[in-house]
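Visitor: Hi! I have a protein open on my screen and would like some help finding my way around. Could we look at it together?

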Amino acid sequence: MAEGEGCTAAAAEIKEDFEIIDKKQIPTATELKHEEKEKTEEGRWSAPILSLAKKASENLALSYGNALKSASLVGLIPKPVSTDSTAKTSARGHAMEERANLMNMVKLSIKILIQSALSLGRTLDSDFPPLQQFFVVLEHCLKHGLKVKKTFIGQNKSFFGPLELVEKLCPEASDIATSVKNLPELKTAVGRGRAWLYLALMQKKLADYLKVLLDHKHLLSEFYEPDALMMEEEGAVIVGLLVGLNVIDANLCLKGEDLDSQVGVIDFSLYLKETQDSDDKQDGGITAVLDQKHYVEELNRHLSCTVADLQNKIDCLEKTNSKLQEELAAATDRIGSLQEEQQQLKQQNELIRERSEKSVEVTKEDTKVELDTYKQSRQGLDEMYSDVWKQLKEEKKIRLELEKELELQIGMKTEMEIAMKLLEKDTHEKQDTLVALRQQLEEVKAINLQMFHKSQNAESSLQQKTEAISSFEGKTNEMMSSMKQMEDRLQHAEKARHAAEERCNKMKQELAGRLDTCRQQMSQLDSKCSTLEKELKSEKEQRQTLQRELHQEKDAATLLKTELQQMEGLKKELRKLQDEKQQLEKVCEEQEQALQEMGLHLSQSKLKMEDIKEVNKALKGHTWLKDDEATHCKQCEKEFSISRRKHHCRNCGDIFCNTCSSNELALPSYPKPVRVCDTCHTLLLQRCSSNSS
């Protein structure tokens, strides 16, 4: 059973590479040699190509014979069953013959491809027959000896698996792998492998990538059998032959081609051409002359069409030039009107400046006058404060005298407790009066504090007059210190009063006999208290006058604040006028730049006229524009800026914006797809379509 399964697997591998046909259809070696002798008279083929063709034909005959033998092994053709050793030797011999056949076919295809490419002297397209046959032969070489991988869908056998290893081994091949994976048209592994070979040939690195694979045969053993072409020495020979393809320039378009469903069949008619007679040669020469004549006529027709197009372009440019001149005249008129408006605005600015300066001077004089009045009012307040302090000192002296008299009276209050109670009531009343006096003093302190805060606010609003206010602050600080001293003295008086009360308690017995004298003295004290009350009323009236003066000062401060706000409004108006002036200057500068750009447009249009005339003479040849030479997009004529960047077209060399050059195509001089403008993109697509048709 194992032998039967091995035979069926070998037959399945043979069926994929070769078709089994009848013996009658297979040419014998003698017939092939006879045909080769008849074709030795041909003069077109060179000796090496003939030798390679002979070897290929012989090997093909042998391979057909071996295919029949293997078919007989499977059971398609009756043959006695062989042993295991004969099967293994026959399989090895069959693999060697296949390698030799594929080796000869690779040599033939590479040689004919190089010769035909050099004779043409141009880049090769995907429709070139020798190039197509080369890819078919190379595909057969890569498929030789591939292992079958079993998946859930079924058996899979493709040569794209080993090619994917190149991306890991050689980082330069990552671009090819990504571009192949990004192609949406490719759905099978065979199509991806063919696209990979196309791109590697365009990069001229096909030999390098395959050499990297052969250097890592331990990785290839996962994909190939031990007798495969890529695992033997023939693989290194093929890599050496592929180095010669670096001479060829290929421009292969992958878009639009159905690489998945192409059938890889080798066409031997390219390598076995029949000779023609001398009459056929003469007819071919006449047809070649006629073809050249037709070609020249078509060239003349194309040239006449291009000349007519160029003349139409010249007419259009002349019209645009006249339009630009009209726009220039209109722009100059606009600039003149704008300059007149600018002069008027300058005069208005000067008038506004003079008015603002006058208003500022008037406000300064008013502030000076108000400051003088404020100083005078502050001097009057200082005088009032000094008078109040004098009165307070006199009251302190009187109070001291009264305290002395109280001490004398307390020494006499020892006889009667009833008189002492009366005295205590009198003392309580006096204490109430003292409390009232303290409250009045505290009110005076609060007024002083309010005056101090108001002076500080005046200092913030009138920073220029800080010296005068600092002097007033010093005076107020002195007043506060004197007030503190007064409070200390009051505290000492209270302590003395407490001591006197204690003494009074001790001397109650002695004051009993002196009540009469005390009553007389109390009457005197009542008269003095009445005088003190009158003085307090006068002090209250003075305080009211001071409060009125303070209200007047507040009104003056509010007036000063309003005037300062008016000053700030004038400053804001000045800033607005300056901003308007700057905007007008910017508008003038932009208009000047527009004039310069119009001049540049005119100069560029003249240069374009000269360039078109030169192109009309030369009809060919593109120049690579420098970045400094282009300020506008050639197609949409929009100005370049930071957001609108410059991009070169790799075909014509002109500079375009991103929207006008968003297309990419593979050019002969660039293996990867590069940026191309819209016009070149359409022209190249038309050329590709014409070549394909």
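**Cysteines, cores and rings**

Guide: Happy to! Let's start with the cysteines: the structure holds 0 disulfides. Keep in mind that this is a predicted model.

Visitor: Okay, so what about Cys-657, and which cysteine sulfur is nearest?

Guide: The nearest cysteine sulfur belongs to Cys-660 and lies 3.5 Å away, and Cys-657 is in no disulfide. A disulfide needs the two sulfur atoms within 2.5 Å, so that cut-off is not met here.

Visitor: Is Cys-657 buried or exposed?

Guide: Cys-657 counts as buried, with 2% relative accessibility. Cys-141 is buried as well, at a relative accessible area of 1%.

Visitor: Let me zoom out. How many helices and strands are there in the protein?

Guide: The protein has 16 helices and 6 strands.

Visitor: And what share of the residues is buried?

Guide: Of the 693 residues, 30% are buried. As for the outside, the accessible surface comes to about 45600 Å², and carbon and sulfur atoms hold 53% of that.

Visitor: What about contacts between parts that are far apart in the sequence?

Guide: Take the contacts with a separation of 6 or more: 74% of them are between residues 24 or more positions apart.

Visitor: Now the inside. Which residues of the largest nonpolar core touch the most other members?

Guide: That core has 60 residues, and the ones touching the most other members are Leu-131, Phe-134, Trp-196, Leu-206, Leu-210, Tyr-224 and Leu-242. Several helices supply at least two core residues each, among them helix H5 (129-143), helix H8 (189-203) and helix H9 (206-215).

Visitor: Can you pick one of those and tell me what surrounds it?

Guide: Sure, let's take Leu-206. Beyond its neighbours within four places in sequence, Leu-206 is in contact with residues including Phe-134, Trp-196 and Leu-242. Leu-138, Leu-197, Ala-200 and Leu-201 are also among the contacts of Leu-206. Apart from the largest core lies another one, of 16 residues, including Cys-633 and Phe-656.

Visitor: Phe-134 keeps coming up. How many aromatic pairs does the whole structure have?

Guide: There are 3 aromatic pairs in the whole structure. In one of them, the rings of Phe-134 and Phe-135 have centres 5.5 Å apart and planes at 55°, so this pair is tilted.

Visitor: Why those two values?

Guide: A pair of aromatic rings is described by how far apart the centres are and by the angle of the planes.

Visitor: Got it. Which residues do ring pairs link into a cluster?

Guide: The cluster is made of Phe-134, Phe-135 and Tyr-198. Phe-134 is buried at 2% relative accessible area, and Phe-135 is buried at 7%. The rings of Phe-135 and Tyr-198 have centres 4.5 Å apart and planes at 40°, so that pair is tilted. Phe-135 lies in helix H5 and Tyr-198 in helix H8, so the pair ties together parts that are 63 residues apart in sequence.

Visitor: One last spot: where is Ala-173?

Guide: Ala-173 sits in the loop between helix H6 (160-169) and helix H7 (174-181). The relative accessible area of Ala-173 is 0%, so this residue is buried.

Visitor: And what is Ala-173 in contact with?

Guide: Leaving aside neighbours within four places in sequence, Ala-173 is in contact with Val-166, Glu-167 and Tyr-209. From C-alpha to C-alpha, Ala-173 is 9.9 Å from Leu-199, and the two are 26 residues apart in sequence.

Note on methods:
Residues numbered from 1 in each chain as written. Predicted model: local features only at pLDDT ≥ 70, side-chain atom pairs only at ≥ 80, totals over all residues. Heavy atoms only, no water. Helix = DSSP H or I, 4+ residues; strand = E, 2+ residues; numbered from the N terminus. Buried < 20%, exposed > 50% of the residue type's maximum accessible area, 1.4 Å probe, protein only. Contact = heavy atoms within 4.5 Å. Areas by Shrake-Rupley, 256 points an atom, 1.4 Å probe, with all protein chains shown as cover. Core = buried A, V, L, I, M, F, W, Y, C linked by side-chain atoms within 4.5 Å. Phe/Tyr/Trp six-rings, centres within 6.5 Å; stacked < 30°, edge-to-face > 60°.
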